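Let's walk through this one together, one question at a time. Have a look at the picture first, then try each question before reading on.

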Amino acid sequence: MIGAAGETASGTDLAELRRRTAFEARRELDRRAQLAYPEPWRRFELRELPGSAALELTQGSVTVFPTLARVRGAIEVRFEWSAAEAAQSFAQGAVHLARAMQGAQGRDLAKLVAADVRLLLAASSYFAREDLIELSLQLSCRRAYFADTEPPRTREAFESAVDRGRADAHGMLEQAIAEIGGWLSEARNVRRLLDDPRARGYAEAAEETRAHVAELLRPQRLQALPPDWLRQLPRYLKAEERRWQRIFARGGESPQILAELEAWSSRAAALEGLAAAELRRPPGLEELMLWIEEYRVSLYAQELKTHVPISAVRLAQREAEIRAWFAR
């Protein structure tokens, strides 16, 4: 494997070699981006941010994909290895840039969230105060400036979107706060069931539910979810409530259900581990995680219906595709 200074590692297992050199490759990619775009962005600094770029190496040319990302509080251009990874990063980075262009309005919006004592108290079991503020602003500004669609990559269109969205920012923040409050209300319903003395007889299932709800409400995950899938979150929480209502009504849960849930949680964690080792996100990984949520609904809350057709076979097929990507 070749880096900026020559050979950094060698071996016969290409997948293992990639994992061993992932950090060095990422550092070199960031160095190249810093050379190409040395200044942080305070506005949309280019007439157009290109969708791809060619890096010239001694071994030949490699295509990379520019995006925006917040790094240590500043908005910077970074390179990603694939268009899909760049699009996911740009969706959040563009919102961070738009917020930076808000000036005083952004600070006012943050103060509104910080002053909502009821929301802060309701969220305290799941979100730190700063995480709650960040989530509220990211969701509301994404809607106000970009209408939950892909942000533009030209200065003219980007600045026009921000100018138009200023008038909607407060209204979108109110909507985001109400939406987050709804999620927390659903989570509170699940927690009440888990606090029921009857739940003590199903300790393993209760622990699985607690971990699942905490993952559903993880702020970084919520920020990254595509809008269409974010709208499914109340249904996922409602499904957990229905699960426990059935457990109490029936005096238990099929062992097969818990086994299925734990198996797919383990398989998902293994794939996340591979992605972390390569410092890359394979195509379809986020979608698989969401399909697993739909599969859960199909197992214990069928009446809520699924957002997409789902089955264990379909999950296994997607898992195999992702593992093949890692082994490429």
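Q: What radius of gyration does the chain have, and what would a compact globule have?
A: This is a predicted model, where local features need pLDDT of at least 70 and side-chain atom pairs count only at pLDDT 80 or more, while totals for chains, interfaces and linings use all residues. Residues are numbered from 1 along each chain as its sequence is written, and side-chain values use heavy atoms, with hydrogens and water left out. The radius is taken over C-alpha atoms, and the globule rule is 2.2 Å times the number of residues to the power 0.38. With 328 residues, that puts a compact globule near 20 Å, which agrees with the chain's 22 Å.

Q: How many helices and strands does the chain have?
A: Here we go by DSSP runs numbered from the N terminus: helices are H or I with at least four residues, and strands are E with at least two. Counting that way gives 14 helices and five strands.

Q: What percentage of the residues in the chain is buried?
A: Buried means under 20% relative accessible area, exposed means over 50%, and partly exposed is in between (1.4 Å probe, protein chains only). Out of the 328 residues in the chain, the buried share is 45%.

Q: Which helix gives the largest share of the largest nonpolar core?
A: A nonpolar core is a set of buried Ala, Val, Leu, Ile, Met, Phe, Trp, Tyr and Cys residues joined through side-chain atoms within 4.5 Å. The largest one here has 86 residues, and Phe127, Phe158, Trp183 and Trp244 have the most contacts inside it. Its largest share is eleven residues, and they come from helix α7 (residues 169-195).

Q: Which residues does Phe158 touch, leaving out those up to four places away in sequence?
A: Touching is a matter of contact, meaning heavy atoms within 4.5 Å. With those sequence neighbours set aside, the partners of Phe158 are Phe44, Ala94, Leu97, Ala98, Met101, Phe146 and Pro152.

Q: Is Arg32 buried or exposed?
A: Arg32 sits in helix α1. Not counting neighbours within four places in sequence, Arg32 is in contact with Leu55, Glu56, Leu57 and Phe79. Its relative accessibility is 19%, so Arg32 counts as buried.

Q: What is the phi of Arg72, roughly?
A: Most residues other than glycine have a negative phi. Arg72 lies in the loop between β4 (60-71) and β5 (74-80), and it is exposed because its relative accessible area is 78%. Its phi is positive even though it isn't a glycine, near 50 degrees.

Q: Where is Lys305, and what is its phi?
A: Look in the loop between α13 (285-300) and α14 (312-326). Lys305 has 60% relative accessibility, so it counts as exposed. It isn't a glycine either, yet its phi is positive, at about 65 degrees.

Q: How far is the C-alpha atom of Gln302 from that of Arg242?
A: Gln302 is also found in the loop between α13 and α14. With a relative accessible area of 48%, Gln302 is partly exposed. Gln302 and Arg242 are 60 residues apart along the chain, and their C-alpha atoms are separated by 9.7 Å.

Q: Which residues does Gly51 touch, not counting those up to four places away in sequence?
A: Gly51 lies in the loop between α1 (14-36) and β3 (53-57). Its relative accessible area is 47%, so Gly51 is partly exposed. Beyond its sequence neighbours, Gly51 touches Phe65, Pro66 and Arg153.
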